[in-house]
Amino acid sequence: MADALLLTPREIAPGAPSINNQNITVTDEEYLRLPAAMRVFYEKVRENLGLACVTAHLRHAGFSVRMVNLHGRIPSDEAIIDMIRKERPALIGLSIMYDLH
C-alpha cells in the first residue's frame, strides 16, 4: 500500500491510431507478454518528468509512492479503479498532457 499513487494519462484512446497513424496501444495482457526491453520502451517512450519530480520529492519526504505510466497502455477504467482500491492511497495524483496539440 502506497501513501501516494501517481498516474500518467492514457494519451491515446483505446483502438485509436497515434499521431503518425500507428496503433501503439497494448492491452495489459499483451504488455505482460512483451520482452523486458519492449516493456522498458513503453515505460520510457513518454516518460513523465513532472510526475517523476513529484515522486522524488514525496519519497525524499518519507512517503511511499507508486507511479504508474499508462502511456500506450489501455487498461480499462475498472482496472484503474481496482488498482486504486487495492493501493488505498491517501493521495492520488493525475498528470495531464499539454504538449500534444
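1. A good place to start is helix H4, where Glu 78, Arg 85 and Lys 86 are exposed (over 50% relative accessible area, 1.4 Å probe, protein chains only). They lie on the other side of H4 from Ile 80, Met 83 and Glu 87, which are buried (under 20%). Seen down the axis of H4, the buried residues fall within an arc of 60°, so they line one face of the helix; the arc is taken from the directions from the helix axis to the C-beta atoms.

2. A word on the basis: this is a predicted model, with local features needing pLDDT of at least 70, side-chain atom pairs counting only at pLDDT 80 or more, and totals for chains, interfaces and linings using all residues. Residues are numbered from 1 along each chain as its sequence is written, and side-chain values use heavy atoms, without hydrogens and water. Helices (H or I, at least four residues) and strands (E, at least two) are DSSP runs, numbered from the N terminus.

3. The cover over the buried residues of H4 includes strands E1 (4-7) and E2 (65-68). Just after H4 comes Arg 88, with a positive phi near 50°.

4. Strand E1 runs parallel to E2, joined by 4 bridges, and parallel to E3, also by 4 bridges; pairing requires at least two DSSP bridges. Leu 5 has Arg 66 of E2 as its bridge partner, while Leu 6 stands opposite Gly 93 in E3. Ala 4 and Leu 6 point one way from E1, Leu 5 and Leu 7 the other, and all are buried.

5. Do look at Ser 95, in the segment after strand E3 (91-94). Ser 95 counts as buried because its relative accessibility is 16%. Beyond its neighbours within four places in sequence, Ser 95 is in contact (heavy atoms within 4.5 Å) with Leu 7, Thr 8, Pro 9, Asn 48 and Leu 51.
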